[in-house]
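Trainee: Before I set anything up on this protein, I would like to go through its model with you, one question at a time. Could you show it to me?

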Amino acid sequence: MNRLEMIDLLTGVQSSKQNYYSELKSTVDQLKKKNSQLEIINEVMRSFTVDFSVAHMLEKALAKLQALYPIDRVSAALVDEQKLVLSYVYPEHDIYFEKSTLFPKEGSLYHRVFTTGQYAFYDENESEAYFEKEGFQHLGLASVHLFPLKSSGKTIGVLSLGSRTHFQCDEDDLSFFFHFADQIAVCMENARLYGEVLAGKQQWEETFRAVSDAILIIAPDGTILSRNDAARLDWPFHIGENIGQFMEQAARSTEDPFQMTLQSKKPQSAELYFENKIYDCSCYPLMGIDDSIDAVILYRKDVTEKRLMEMQLMHSGQLAAIGEMAAGVAHELNNPLTAIIGNTQLLLRTQSSNDQIKPLLDDIDQCGKRCRTIIRSLLAFSRQEIPTFKSCSLNDAVTEALSLTRRQIEQHHISIEVNFDPALPVLNGNLQQLVQVAVNLLMNAKDALTIASIDEKKILIQTGVLDGSAMLSITDNGMGIANEVLDDIFNPFFTTKVADNGTGLGLSVSFGIAQAHGGILSVTTKEGSGTTFTLSIPLSAERL
């Protein structure tokens, strides 16, 4: 032994160096372990994204854990409707109990951890029986560590870490695993909450899209933020467009409900008019946290058919009033008319050879009979009854319609030419409704000719059979219908007449009557050359 070795031995320097390096290595190993544990925790936290998957998170966490601990299997049981259920296992093939297995409240190690919120440990050498023991033995797990999954102070499940070796944890390891389980629980609970929010959002969006009436969400400046399918199909507005000017125009005589909502910060309603349709429009404010309006919900419902029915009901009421009045007038006039016609016919018998008096008596007799025919036609036309279908003829319908309108038409110096098909078969229909169609078409023809600047004004009425259908055509030689409005003439409330001369219901009602008879009402026109309306009703159609 040389002098330096003897000095080291006597002073203990060599021993101190060995202890120093041993402690340093131990400290470095502990720091590495802490860093690895922090990486595992960070990995769990980073795994929570929009596309978060619990199975994927457990897979990555197990891979990290296996670098530090002899852990072969990880599983999680979660609460589902107050019941503890096996929810996730990784590796997925390392399984004994099927997923969704319910852990019993008695005799279950998992359920004990869930109930007490305390850590539990299983060792294969234990004699105590558990519900899970058979499964652990089948999987060859020598030790299992179970930790409660807690989020916001509430236990939401149990995390188990299984090993095929007798793996024991020290206090530092247990502290880490508790922290690890807490992070797992936070991610799972956040995922559950996110799923509920996402499901609620999807349900709201599906409901929003499925509503059959149009719904728009509009910014305060009038920009469309969102719309449902009904609005997309029915209104020509796209997201990002401004609807403010349209709302002002569509509101017409009423105030714009959108602007009223912005001003009052309260729901407002009004009727909108767009493409010959009527809409009930309601606007609801979406208030922000500072009492400002973030957006406005516009709900729009098509009430055109409803308004049409209301107008038809009003029209029916008017006809009922006319019928009552006509009945009273008929009662008052029938007696004097009977006397006038009866006495005239008696005088005609005695004065038949008097060339001066006989023409005057003939004129009185014809006028009396004409008055009686007009009263009867007015009563029949205005009579209110449930439409029933039976055998009738278009020729009869036109004849009755002419008895009501001929005088008005001829007063405007309009000639009427009638070409009836004498062999026209009867059809299954409602005579009064067909009379109504003929009256509407004749009055429209009269109105068209009244404003026409032509010398010879004429209406041509024809009946016949074409392709198994009874046909009625009414032609005028007026100025025709402009192309830009031709597609709208059968729409309810559309009219080119001044307000006092038309409601826009005549052609719409006539079109509906044609459809009710299984037929069609069509139009052909040429500007400057006149218009022809054609009613076609199948002869073989059966209607109740």
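Mentor: Contact here means heavy atoms within 4.5 Å, and please keep in mind that this is a predicted model.

Trainee: With that cut-off, which residues does N228 touch, not counting residues up to four places away in sequence?

Mentor: N228 sits in the loop between β7 (224-227) and α7 (229-234), and its relative accessibility of 1% falls under the 20% limit, so N228 counts as buried. Once residues up to four places away in sequence are set aside, the residues that N228 touches are F208, R209, V211, D213, A214 and I215.

Trainee: Which backbone atom does the side chain of N228 reach?

Mentor: I215 is one of the residues that N228 touches. The side chain of N228 comes to 3.0 Å from an atom of that residue, and the atom reached is the backbone nitrogen of I215.

Trainee: Turning to the whole chain, what percentage of the contacts with a separation of 6 or more joins residues 24 or more positions apart?

Mentor: The protein has 544 residues, of which 40% are buried, and there are 15 helices and 17 strands in it. Among contacts with a separation of 6 or more, the share that comes from residues 24 or more positions apart is 58%.

Trainee: Which element gives the largest share of the largest nonpolar core?

Mentor: In soluble globular proteins, nonpolar side chains tend to be buried together. The largest nonpolar core in this model has 36 residues, with I459, I461 and L535 having the most contacts inside it. The elements that give two or more residues to this core include α12, β12 (414-419), β14 (457-466), β15 (469-476) and β17 (530-538), but the largest share, ten residues, comes from α13.

Trainee: How many residues are in the second, separate core?

Mentor: For I461 in the largest core, the contacts beyond four places in sequence include V398, L402, I416, L442, L472 and I474. The second core is separate and includes I41, L62, I71 and L159, and its number of residues is 27.

Trainee: Why does the salt bridge of E128 and R112 tie together parts of the chain, and how many residues apart are they?

Mentor: Side chains of opposite charge can pair when their charged atoms come close. The side chains of E128 and R112 meet at 3.2 Å, N to O. E128 lies in the loop between β3 (120-123) and α5 (133-139), whereas R112 belongs to helix α4 (residues 109-116), so the parts tied together by this pair are apart in sequence by 16 residues.

Trainee: Is R112 buried, partly exposed or exposed?

Mentor: The limits to apply are under 20% for buried and over 50% for exposed, with partly exposed in between. E128, with a relative accessible area of 42%, is partly exposed, and R112, at 38% relative accessibility, likewise counts as partly exposed.

Trainee: A search of the whole structure finds nine salt bridges, so which residue forms one with R406?

Mentor: R406 is in helix α12 (residues 394-411), and its partner lies four residues apart from it in that helix, a separation of about one helical turn. R406 is partly exposed, with a relative accessible area of 32%. The closest N and O atoms of the bridge are 3.4 Å apart, and the partner of R406 is E410.

Trainee: What kind of aromatic pair do F103 and F131 form?

Mentor: A pair of aromatic rings is described by the distance of the centres and the angle of the planes. F103 is in the loop between β2 and α4 and F131 in the loop between β3 and α5, 28 residues apart. Their centres are 6.1 Å apart and their planes are at 85°, an angle over the 60-degree limit, so the pair is edge-to-face.

Trainee: Which backbone oxygen does the side chain of T101 reach?

Mentor: T101 lies in the loop between β2 (83-90) and α4, and at 17% relative accessibility T101 counts as buried. Beyond four places in sequence, T101 is in contact with L84, V85, L86 and F131. At a distance of 2.4 Å, the backbone oxygen that its side chain reaches is that of E98.

Note on methods
Residues numbered from 1 in each chain as written. Predicted model: local features only at pLDDT ≥ 70, side-chain atom pairs only at ≥ 80, totals over all residues. Heavy atoms only, no water. Buried < 20%, exposed > 50% of the residue type's maximum accessible area, 1.4 Å probe, protein only. Salt bridge = Lys/Arg side-chain N within 4 Å of Asp/Glu carboxyl O. Polar contact = N/O pair within 3.5 Å; in protein donor to acceptor, adjacent residues only side chain to side chain. Phe/Tyr/Trp six-rings, centres within 6.5 Å; stacked < 30°, edge-to-face > 60°. Core = buried A, V, L, I, M, F, W, Y, C linked by side-chain atoms within 4.5 Å.
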